[in-house]
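Got the viewer open and a cartoon on screen? Here's a short tour, one selection at a time.

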Amino acid sequence: MVRMKRVLAGLALSASMIAGVASSQTATEIPRIVTKGGRHALIVDGAPFLMLGAQVNNSSNYAAALPQVWPMLDRIHANTVEIPIAWQQVEPVEGKFDLSFLQTLLDQARAHDKRVVLLWFGTWKNTSPGYTPDWFKADNRRFPRMKAKDGTDHYVHSPMFRATLEADKRAFVEVMRYLKAHDPQNTVIMVQPENEVGSYRSPRDYGAQANAVFAKPVPTELAKALKKPGGSWTQMFGAQADRAFNTWHTARFVDEIAAAGKAIKPLPMYVNASLAGPSNVPDPTGVASGGPQQDVLDIWKAAAPAIDFQAPDIYDRDAAHVALYLDAYARPDNALMVPEIGNAKEFARFFWAALGRGAIGYAPFGMDDTGYFNYPLGAKALDGETLDAIGLKYGALATMGRDWAKIAFEHPTWGTAKPEDGAGQTTTMGDWTIATSYGEWQFGQKDWTWIKSEPPTWAKEAVGGVAVAQLSPNEFLVVGDHVRLNFGTAKDGPKNGSVFRVEEGRVVDGRWVMSRIWNGDQTDYGINLITPVILKVTMGSYK
Ligand code: DGJ
């Protein structure tokens, strides 16, 4: 969504309000998402920001767990923590709000120089009401669960009831009010209302009230947004009708909560999807029906204008599937952000694939030292090698995250990761081609027969990838690891083109600062990146 014209609402915080809060910090511009020419940036403190994030485990939303969070973030060079705040901890007694955890979180995040993405665990957390207060869980009359087709109560709350929406919204608004009053420096940069919304096994509420709404035509604004003539849910969506219905109503529900929160403090807000598998036609009873999976993004866009973007939670280790998900969510009308991805070593290479698609942020899940591991989704343990897999990548970008974010907002980018079969990939950027290959030593060629070599240890591992930004027609910023790059001339590119110069260095405040030129062995066998390194490659030609 284009936000270029948004007023700098943060500046509107008056001096007296700021003086009234505990912090002596001055107000800064409220973070926002900007979109231009189909590319996106997350603006924090007035400039593009790359969220090198990490999400904590589900029960780390207490002061007692925070000491196990910060060292882990430092260890992997993360600049942002994604962390839940649960309805059950905010409103344990109806109407009585306790925001003490939020204040502790703000204080500690500031002390540890981290930004925060706040995850509102409300009516839906992985679809279930687990994080709702006991008084809410207990009152199925006021806050009804969905009815399954056989008339029994389903475990998920129905999005069709006003009382549920109002109760959730009231608590969420309290959180946003607290942020407005106590976070003028915008330590919290984004908010995720709810978590993995939807319903497993029963695609929608089949209760009497929901059935009556289902019998009505599809809302005209939805039909219009989808450029369809309208009609019943079944006419418009066929076998996915029940799911489309629940998607619309769930998205409307979340939109109202987000809009109410934004009316207090307009932070960027996004929703995360429990993905349906790579198939674009998921089984409505197998998927979290109602969630923002890739095939229903247009329903979400129409239903939830207050949501800045939809985002994929990636626990699929297959590189082809991951590429498919990233492509589905990186749209001109949807900023790509990966709010959750497995924390096992082999997922880390997908950071490059996401960056190259213009991702504004990325966060492995389960990044704290509380001793919990969500294997087989993620890692069995966070040993040094596993932490380095993401930590060295974040480390390479840590000091130039803002520069990368600005470059990626303004220039073409490409990124890829080693596929399952280890085959190389090729892309064309303007006059030039870039080919990757994996499992290579830094020196020599795999097919040499005159001297024998065994493959490097990483040849068998799921490591390797690269992100590239085209700075000008002949200049490329390159960052990656465990990959060999060969630059070549595109079909219609200049005659006699070649690599003129490979520089190692980094971007400092928008300026390339070279530390050395790579030449000789360092470039004779392709450009070999093993530990993450930042290069500028300049192409040229002669007549
Ligand atoms: C996705 C959810 O969004 C997370 O909160 C967590 O439950 C993971 N799945 C599994 O660890």
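Start with the aromatics: select Trp87, Trp120, Trp135, Phe136, Phe143 and Phe172, which together form one aromatic cluster. Keep in mind as you click around that this is a predicted model. Across the model, the count of aromatic pairs comes to 25.

Now zoom in on two members of that cluster, tryptophan 120 and phenylalanine 172. Their rings make a tilted pair, 5.8 Å centre to centre with 55° between the planes. Colour by secondary structure and you'll see what the pair does: tryptophan 120 belongs to strand β6 (residues 115-125) and phenylalanine 172 to helix α6 (residues 162-182), so the contact ties together parts that are 52 residues apart in sequence. Buried or exposed, this tryptophan 120? Buried, with a relative accessible area of 1%. Phenylalanine 172 is buried too, at 0% relative accessibility.

For another geometry, select phenylalanine 347 and phenylalanine 350. This pair is edge-to-face, with 6.4 Å from centre to centre and 70° between the planes. Phenylalanine 347 counts as buried at 0% relative accessibility, and phenylalanine 350 counts as buried at 2%.

Next stop, the ligand. Which residues are around it? Select Asn58, Lys125, Asn126, Asn195, Glu196, Asn272, Asp313, Tyr315, Glu340, Phe365, Asn374 and Leu377. Colour that shell by class and you get three nonpolar, five polar and four charged residues. Then turn on distances to the ligand's oxygen atoms:

- Glutamate 340 puts a polar side-chain atom 2.6 Å from a ligand oxygen.
- Asparagine 126 has a side-chain N or O atom 2.9 Å from an oxygen of the ligand.
- Asparagine 374 also brings a polar side-chain atom to 2.9 Å from a ligand oxygen.

Switch to a surface view here: on its own the ligand has 290 Å² of accessible area, and the protein covers 88% of that.

Keep Phe365 from the ligand shell on display and add asparagine 343, which sits in the loop between β12 (337-341) and α13 (350-355). What does its side chain reach at 2.9 Å? The backbone oxygen of phenylalanine 365. A polar atom of the asparagine 343 side chain is also 3.4 Å from the backbone oxygen of glycine 366. Asparagine 343 counts as buried, at 8% relative accessibility.

There's another loop residue to pick out: serine 289, between β10 (270-274) and α11 (297-303). A polar atom of the serine 289 side chain lies 2.6 Å from the backbone oxygen of proline 203. At 0% relative accessibility, serine 289 counts as buried.

Finish with two helices. Select residues 384-398 for helix α14 and look along its axis: there's a bend of about 30° at isoleucine 390. Its buried residues are Thr386, Leu387, Ala389, Ile390, Gly391, Lys393, Tyr394, Ala396 and Leu397. Show them as sticks and keep the helical repeat in mind. An α-helix has 3.6 residues a turn, so residues three or four places apart point the same way. The bend residue, isoleucine 390, is itself among the buried ones.

Last, select residues 401-410 for helix α15, where seven of the 10 residues are buried, making this helix mostly covered. The buried ones to highlight are Gly401, Asp403, Trp404, Ala405, Ile407, Ala408 and Phe409.

Terms used. Residues are numbered from 1 along each chain as its sequence is written. This is a predicted model: local features need pLDDT of at least 70, side-chain atom pairs count only at pLDDT 80 or more; totals for chains, interfaces and linings use all residues. Side-chain values use heavy atoms; hydrogens and water are left out. The bend at a residue is the angle between axes fitted to the seven residues ending there and the seven starting there. Helices (H or I, at least four residues) and strands (E, at least two) are DSSP runs, numbered from the N terminus. Buried means under 20% relative accessible area, exposed over 50%, partly exposed in between (1.4 Å probe, protein chains only). A residue is near a molecule or strand if one of its heavy atoms lies within 4 Å of it. A polar contact is a pair of N or O atoms within 3.5 Å; within protein, one must be able to donate a hydrogen and the other to accept it, and residues adjacent in sequence count only if both atoms are side-chain atoms. Accessible areas come from the Shrake-Rupley method with a 1.4 Å probe; for residues, only the protein chains shown count as cover. Ala, Val, Leu, Ile, Met, Phe, Trp, Tyr, Cys and Pro count as nonpolar, Asp, Glu, Lys and Arg as charged, and the others, Gly among them, as polar. Rings of Phe, Tyr and Trp (its six-membered ring) pair if their centres lie within 6.5 Å; planes under 30 degrees apart count as stacked, over 60 as edge-to-face and the rest as tilted.
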